[in-house]
Each structure stands twice: as structure tokens, then as C-alpha cells.
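Work through the exercises below with the sequence and the model side by side. Try each task before reading its solution.

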Amino acid sequence: LDGDRQVAWQEFKTFFEYHNQPVDEKVFRNEDHNNDGVITWTEFSGPKGVEDVKPRNFFAEMDIEYGNSDGKIQRAEMNVWYMVNSGESQDCPDELWDSSDKNGDGVVTWDEFDDLKGTILERPADDHQGPGWVAPDAQPSDLGPLQTQHNAQCWTRQIAPNDSNDEARDVLQCLPDFIVIGTARSASTTLYDLLAAHPSTEMFDDFQDKELNFWNTVPMCQPFDYAMLLPPIDKGADLVTAEGSVRYFLHPMVPPRIKHYIPDTKFLVSLRNPVYRMFSHWRMEHFLMKGRDPREDFHTVALEELAKQPEDAAEACFPASRANANAQHCFAEMANLWNPDTVEGAPYTNYLDWSTYHYQLDRWLAHFPLSQFKFVSFNEMKHTDSIDEQMGAVHAFLDLPAHSYKDENGNIRTSNVNDEGLDAELEARTLKLLRDFFEPHNKAFYAQVGIDFGWEKEIDDHLAQLEAKGEL
């Protein structure tokens, strides 16, 4: 972080935290051979390129890597740069900004900037030569027919020899052809995993890797920086890439950020009956996430979530266009997310906010046409026959070649989405309470997308089964 050519513990820790990887103090101690508290160039055993590199260019980092490359530093650009480099989850101190913005006009120019700045608007030369070089963009001859058909945006890169590659290899780093943007606890992982198994895609096959959570945590970027987070594609391999982050659908600033950088990307949204989605979400937070939600009883959770709604919600916060225009009032616990400079992720336990889909889609439709979205029903991802049919529609939407996911025995490997047994734990009073709350919201959503998902009938059928058993 300080350019002294040695890696201190805080720098080591910040690097791994920024990349959402576990910080292992043992690894640091193993690299620090002489136990002097820093890792030198000679001690470091990982990939390190060439030693003779240019000093860091702080101005270019803020303007190019974390900004919009306009030759000036905005406060938001310095905020992101500061958080990444300081390891602190807060904006840059006022005194740092004030000392840089000498004339107080809200931007920092090249002449005003006093710190390390190298050559204006120039990436370090090492990014363009030797192992690890990056070309400005891929040539048409580098792309295959499918990539060309989909207007893939790619950069060429060379991966240096490593344990798995004896020789350097040329690869493409491409922006995503599509993104699975939601929703949580609605078979989004199953949808992603199936597409990752498609022969025409190159996607991470690990659940943790698929959740980049890039656009809900980075206000500004260069498209190349985003592409570098996705799997490399060997030159000549006619593949497209994608990612999936379910927080995107909820976060209000994700749509304008994606629109600015990759406006033609297609979006997949897996959807589940909001009542069952909400219950599954609570179960995950309570039982699986180390008690992140300590509340023991879901009916109590439902009552508390409903109590958070403004008293005038029926008038002030409905329909979605009115609610989103009145976000500070209607979404009090998430209101700070409407700040364009925020890098804070959406809260985990606002279950109603996660489940009122028409609010979320309204924010997206302000930036993208409905034709760029494909909605996938959770109920159709439960059984082998319906999965193949549903995925056929997804392939057609994405312009991917037809493909069956059945193995030689006619089975399809999926994540466990069939948790109807867990839904049976819901009490009738909770079902009725939430059915009545969600009904107007669901109907507004059906009207938005032109699809009636029948979620009210699903709840009514569930209640009828309880009544037949004498449990109503």
C-alpha cells in the first residue's frame, strides 16, 4: 500500500480481505522467513512478475482503476480508493479530500494533486509487456462465432507459466454475456450451476466464486477490472462467460452502474413464492449462518418485519414507482443504499424487502427494457422433466445452443431446491398473515412482467391441505 517494496501484515491482510478470501496469519509467517514483520521481494514465493516496476501512480489508480478516466478525481473515486487501500470501511477523511481539492470545486485535477502520480492517465508499462500483459481489447480474429454473434467484449491477456501450465498461454478476459441477479433462496444456485455445465459457457463452478458481489460494492470501475474477475477463456475456445450475485436484484444502485458499463447484458431472475422464499431465507440466516438472525420463531419474525412498514405504506409506498421515489421513507433500513457513492451491501435480514419483487424490478426497468430479463420459476426447477423444459427456454433467451442436462440415467444433478418438507413447518396463521400482505405486491409484479405465477393459489392450496388434516 505504501510503495516501499515490502509487504507488511496490514498490507497482506487488506489484500486478502479485498478479494473476499480468508486471511491466514500462518501463511504470512511462512513467507516472512527472517521474522522481521515484512515480506521482501526475495522472501515472497508467489507469482510476482518482474522486480523492476514503476512506482505506483495514485492519481491514475483513483481516476482509471476506480473511476471514469476523465482526467479528474471525484470524491466517490477517492472514497473507493481509500477504502481499498486503507482496509477501513469508511470514506476518505475530509482533511485528505480538502488538502487535495485545493480550490474547493469538488474535483481534484492533475495540477492540484501532490501525491505519487507518475505519468498522467497512463497505466504502468508492466501491464503491457512480458507475462501478464494486457492488450487494450481483443481483435475480431480472436473471437469465435458465438462470441462474435453475442458481441462479446474481451481483452487479451497472457497467463504466465505456473504449477498447472508449463508454458504461458494467451487467453481472453470477457465481460459477462449474462448475469443471474436473483433472487436468494429461489434456486438461483441451481440455475447458475446448470448454465455453468453448458458446453458453450466458461463459468466458475464453485458457489463461492460465482457470487462476485461486484456491482453492489464498487461504485465505479473500468470494465477491464470487472472482466479480470471472471474466468479466463483460452483463445480459440468459442465460449461466453457469466456470473451470478443475488444481491444485485435488491440493491438500488446496481442497475445504473451496470447500465453505464455493460448496457447490453442479459439478466436471469429466479423467483419463488415470496412467503416460502422469506421462510427459507430466515432458516438460512438462523440455522446455517451461525445465528446471524437469532430470532427463534418465524411467526414472530413475520410480525416484526411487518411492523417495520410505515404506517402509511398503503398510500405512500404503493405502487413501486411511488415507493422508490420515496425511498428514504419507504425503505428506512435500506435508505442509505440509494446513495450513489455507497459500497455497503444490502442487509441480510430484511426479508420483506428481499421478497417484494415489484419494488426491485421497478428499479431495473428504469434502466433496462423488460426484454433483457428472463424470469425462472422455482417451482419449475424441482423436477427433471420441468428443468429440461425450463432450461430450454433459458437457452433460447440467451441464444445458446440447445443442451440437455440429463445424465445417462436420465437424471439431472442440481442443488437441493425441493424443500417442500421444510415449508410444511409453516404455521397456518403465518401463511395467512403473509399471503394477505404479499397479494397486492404479487399482483403488481404479475402486471409488470406479464406472467401470473399463481403464488396466492399455492398458499391457498397449502392452507386447504392443513384444513383437511385438521391443522388449520
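The exercises cover salt bridges first and strand pairing second.

This is a predicted model, in which local features need pLDDT of at least 70, side-chain atom pairs count only at pLDDT 80 or more, and totals for chains, interfaces and linings use all residues. Residues are numbered from 1 along each chain as its sequence is written, and side-chain values use heavy atoms, with hydrogens and water left out.

**Exercise 1.** Trace the salt bridges made by Arg295.

Solution.
Step 1. Fix the criterion: a side-chain nitrogen of Lys or Arg within 4 Å of a carboxyl oxygen of Asp or Glu. The whole structure holds 18 such salt bridges.
Step 2. Take Asp293. Its side chain meets that of Arg295 at 3.0 Å, N to O.
Step 3. Take Glu304. Here the N to O distance to Arg295 is 2.8 Å.
Step 4. Add accessibility, using a 1.4 Å probe and protein chains only: buried is under 20% relative accessible area, exposed over 50%, partly exposed in between. Arg295 is buried because its value is 18%. Asp293 is buried too. Glu304, at 36%, is partly exposed.

**Exercise 2.** Where in the chain do the two partners Lys308 and Glu333 lie?

Solution.
Step 1. Check the contact. The closest N and O atoms of Lys308 and Glu333 are 3.5 Å apart, and the pair forms a salt bridge.
Step 2. Place the partners, with helices (H or I, at least four residues) and strands (E, at least two) taken as DSSP runs numbered from the N terminus. Lys308 sits in the loop between helix 13 (298–307) and helix 14 (313–316). Glu333 sits in the loop between helix 16 (327–330) and helix 17 (351–355). The pair is 25 residues apart and links distant parts of the chain.
Step 3. Compare exposure. Lys308 has 38% relative accessible area and is partly exposed. Glu333 is partly exposed as well, at 47%.
Step 4. Widen the view. A network of salt bridges links Asp293, Arg295, Glu304, Glu305, Lys308 and Glu333.

**Exercise 3.** Why is strand 10 largely enclosed by the rest of the structure?

Solution.
Step 1. Count buried residues. Strand 10 spans residues 266–271, and five of its six residues are buried, so the strand is largely enclosed.
Step 2. Find its pairings; two strands pair if DSSP finds at least two bridges between them. Strand 7 (residues 178–182) runs parallel to strand 10, joined by four bridges. Phe178 stands opposite Lys266.
Step 3. Turn to strand 11 (residues 373–377). Strand 10 pairs with strand 11 in the parallel sense over five bridges. Ser270 stands opposite Val376.
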